[in-house]
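Let us take a walk through a protein structure together. Please have the model open beside you, and follow along as each part comes up.

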Amino acid sequence: MNKYLKDKIMKIEEKSDGVTVQVESEDDEWIDWIKKEFEKFADNGKLSAENFEKSLALNKSFFATRFFGLFDADENGNVDIIELIEGLYLLKNGTPTQKLMFLFNVFDTDGNGSICKVDLKTVLQSCTEESSLHLCDEDIDELTTVLFEEADIDNSGQILFDDFQTALEKHPGLINNLTFSVTQWCNIPKKRRFLQFSRYWSMVYLRHNTSKIVLVLVYIAISIALGGYAALKNIDSNRFLITAKICGKNLNFNCTLVLVLMLRQTINFVRSTTIGRRLPLDKHVLFHKYVVIMIVLYTTVHTIGQVGNAYVVSSLSTELPVGTILLTDVSQYGLLNGSAYITGWVAASILMIIVTFSLPCIRSRLYELFFTVHFLCVPFWIVLIFHCQDFWKWILVPGCLFLIEQIYRLKWIKQIRYGVTHIQRATLLHGSVTHLEISRPRTFDFKPGDYLYLQIPEISPYEFHPFTISSAPEMKDVLWLHIRKRGNWTNALYKFISKYDPDVGHRRSFSWLEMIKSITGRTRSNIKETAKGSDEPVKNQKQRRGGLPNIDEVGLVKQRRIQMKSKNIQIRCFLDGPFGSPSREALNTDHSILIAAGIGVTPMASIIQSLVHTLRERKQKCPNCSHCYYNDTKETLQRVKKVDFIWVNRDQRCFEWFTHVLKELETEQALLSSMEDNLVDLHLFMTSAVKKSNMEGVGLHLALDLAHRRESKDFFTGLEARTQPGRPDWDKLLSEIVSKRKGKKKVFFCGPKPMSESVKQVCEKYLIPFAKENF
């Protein structure tokens, strides 16, 4: 160990013994942190191989074993604090050659000073396991051959350190950026700071959220104005009553606003107007939740004020006890004389029930109960009409719109609008995703990125659930939905499709057959169970007459039908919509940046497919040769000039959901040789894969880069676009996109909240408008 590190460790030990030592550099703090982390996993001052592996949190033990062997300098089967610090310091502050030598020793599994093909295959196999990738032996052999041929410059059948260094130097910046899981484990965590609100006061935030801020300010102004009016009108009353009246006026406003914010058809209509484009309509669900919070607060204070007023009135008159005032009709308040207090308690009780069953913990698990309880809002508004003399004036117009929308959503109205709709095909995809193909009504017109509400009576006779339409509007006969298994309803859908027998499903569409089955004793519930299918064939039955197959064979055929991943089916469903979303603007923006995470790709898939159809319509072919070019004079030309599509997935198989769509896009763009630049650039990321700069993944990703360079297609997806390992560096990626001069840019995002916050902050840095999908 070098003298520098020895002195640092001595200082830390003296500090731990109670001797005051002044910290002179970051290395002192770093070593102190390592010592604390070391003590969490060490036994008697030693780190065993098992504890060393736990500290790394690696998927497989190969790299942990190799790293442990290289850290265990004295080869005594344990790593002490000195060996750990010395090894980590080399990886943290060592020269590129020192880091590369460490990596070479990891690859040299037998320690003979060279890397053979067997060593390389072992490392690549471990890399795939560490990245949770699924490659067959033939793929591993192919990648091993590609990487070995690149590094074995003299064709000697072995790779020496100089060959290894030469091969990696062909990738600039890789050696200097090599990281290692232990160094990440030993990074000093940054101290948590209190939430900073400075971002919300910056000019960038104000500029990007102007409409939202203006709406909040208008809301506050209306609340203050209503409160002031109520206070002035009751200026001669006691403080309790004044407080109750102020809250009462605001409750009139908020109990009306909470309804307005959920008038989906009305909002959808307003969205298409000039005013609608300036309003933050995409936040209507979020505002709805905030207004409910305000209703609860106003109700609480209003109730306290009325109870206090009852005590004041009771103290002035011995004939009116508090209980009599609060629980009878002796007061003169309300639409009907004396009804205010009684209806107030009823309305407050209904409100508490609705709010309780709307909590996320209940809604996510018991959605049907949440959905049903929400219908209590109707008696809630009716009770409020009798509770307050003026509330009917507030609720009249929104209430009529609500009634019209509810009538518009009735099933028989839907049948008049869209006819009979069926799910024609269902496919079970990787990641517990169900792909539904629904017959598209001729009158069902939508735009890319829109969503609809779906009801399947076979799953639930009442529940409607929102799902983004993943097909393009140009697909006239079918609607696509990709539904991931997350809640009770989606779980029931996936299970229903997985056990559905297509043959029985088709036969159930004949009403006369239903009648025959009911006559023979097979009830509707029996038929449902048959449609869902049985996991086990019927056994030990005699062969039928006429040489027909026995029941065992019939059951086996049925089981095979049920186990099919893709099934032609005929299941009745009801549609409500379509409804607009922020993604509607994507094709009317100069430079659209589409960002999706996982199943959040569905609105982007609709946009991409629409672009593919647009390219096909604009494509012209020279009659004298095979040259293809754009006909920009066609009406199909969209305003969009450039699209960057960023898709982040957990694992490789999730890309299978829409690989065929992206393949069609690349094919159409390749045929149009007149294009100076592709209309759509693809950026694909796989988070389960270890990053290229990480020692646990460098070998695999070098091999994948070489394979991509040779065949001009990605090893996993087959696309020309290379799938990048790890999470995107949003700052770097968006800065590259901003450098493209293609007009006004806007980011359209659909994914989890943590990722949206990260992307949104980078968008604010580069002054890019940000829009997020909300349901």
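The paragraphs below visit a helix, a surface patch, some empty spaces, a few backbone details and the salt bridges.

A word on the ground rules comes before the tour. This is a predicted model, in which local features need pLDDT of at least 70 and side-chain atom pairs count only at pLDDT 80 or more, while totals for chains, interfaces and linings use all residues. Residues are numbered from 1 along each chain as its sequence is written, and side-chain values use heavy atoms, with hydrogens and water left out. Helices (H or I, at least four residues) and strands (E, at least two) are DSSP runs, numbered from the N terminus.

Let us start with helix 5, which covers residues 81–93. The expected span of a helix is 1.5 Å times one less than its number of residues. For the 13 residues of helix 5 that gives 18 Å, and the end C-alpha atoms are indeed 18 Å apart, so the two values agree. Which residues of helix 5 are buried? They are Ile-81, Glu-83, Leu-84, Ile-85, Gly-87, Leu-88, Tyr-89 and Leu-91. Here, buried means under 20% relative accessible area, exposed means over 50%, and partly exposed is in between (1.4 Å probe, protein chains only).

Now turn to the surface. Trp-392, Leu-396, Val-397, Leu-401 and Ile-404 form a nonpolar patch there, and together they have about 480 Å² of accessible area. Such areas come from the Shrake-Rupley method with a 1.4 Å probe, and for residues only the protein chains shown count as cover. Patches are made of residues with over 30% relative accessible area and no salt bridge; like charges are joined within 9 Å, and nonpolar side chains (Val, Leu, Ile, Met, Phe, Trp, Tyr) within 5 Å. One member of the patch, Val-397, lies in helix 21 (residues 391–408). Val-397 counts as exposed because its relative accessibility is 55%.

Next come the empty spaces. On a 1 Å grid over the protein atoms alone, a cavity is a set of points where a 1.4 Å probe fits but cannot get out, and a pocket is an open set with protein on both sides within 12 Å along at least five of seven lines; lining residues have an atom within 4 Å of a point. Grid points are joined across faces, edges and corners, and a volume is the space filled by probe spheres set on the points. The whole structure holds 6 cavities of 30 Å³ or more. The largest cavity contains about 120 Å³ of space, and among its 16 lining residues Leu-147, Phe-164, Ala-167, Leu-168 and Leu-702 lie nearest its centre. Helix 30 gives the largest share of that lining, 4 residues.

The second largest pocket holds about 1400 Å³ of space. It is lined by 41 residues, and those nearest its centre are Arg-277, Glu-585, Lys-746, Pro-769 and Ala-771. Among the elements that give two or more residues to this lining are strand 13 (745–750), helix 32 (753–765) and strand 14 (770–772).

Two of these pocket residues also pair up: the side chains of Lys-746 and Glu-585 meet in a salt bridge (2.8 Å, N to O). Lys-746 lies in strand 13 and Glu-585 in the loop between strand 6 and strand 7 (591–597), so the pair ties together parts that are 161 residues apart in sequence. A salt bridge is a side-chain nitrogen of Lys or Arg within 4 Å of a carboxyl oxygen of Asp or Glu, and the count comes to 11 salt bridges. Lys-746 counts as buried because its relative accessibility is 16%, whereas Glu-585, at 34%, is partly exposed. Elsewhere, Lys-642, Asp-644, Asp-681 and Lys-740 are linked in a network of salt bridges.

Finally, look at the backbone. Most residues other than glycine have a negative phi, and most peptide bonds are trans. Leu-767, in the loop between helix 32 and strand 14, has a positive phi near 60 degrees. Ile-768 is found in that loop too, and counts as buried at 2% relative accessibility. Ser-432 also has a positive phi, near 60 degrees. A cis peptide bond joins Gly-577 and Pro-578, with omega about 5 degrees, and Pro-578 lies in strand 6 (residues 566–579).
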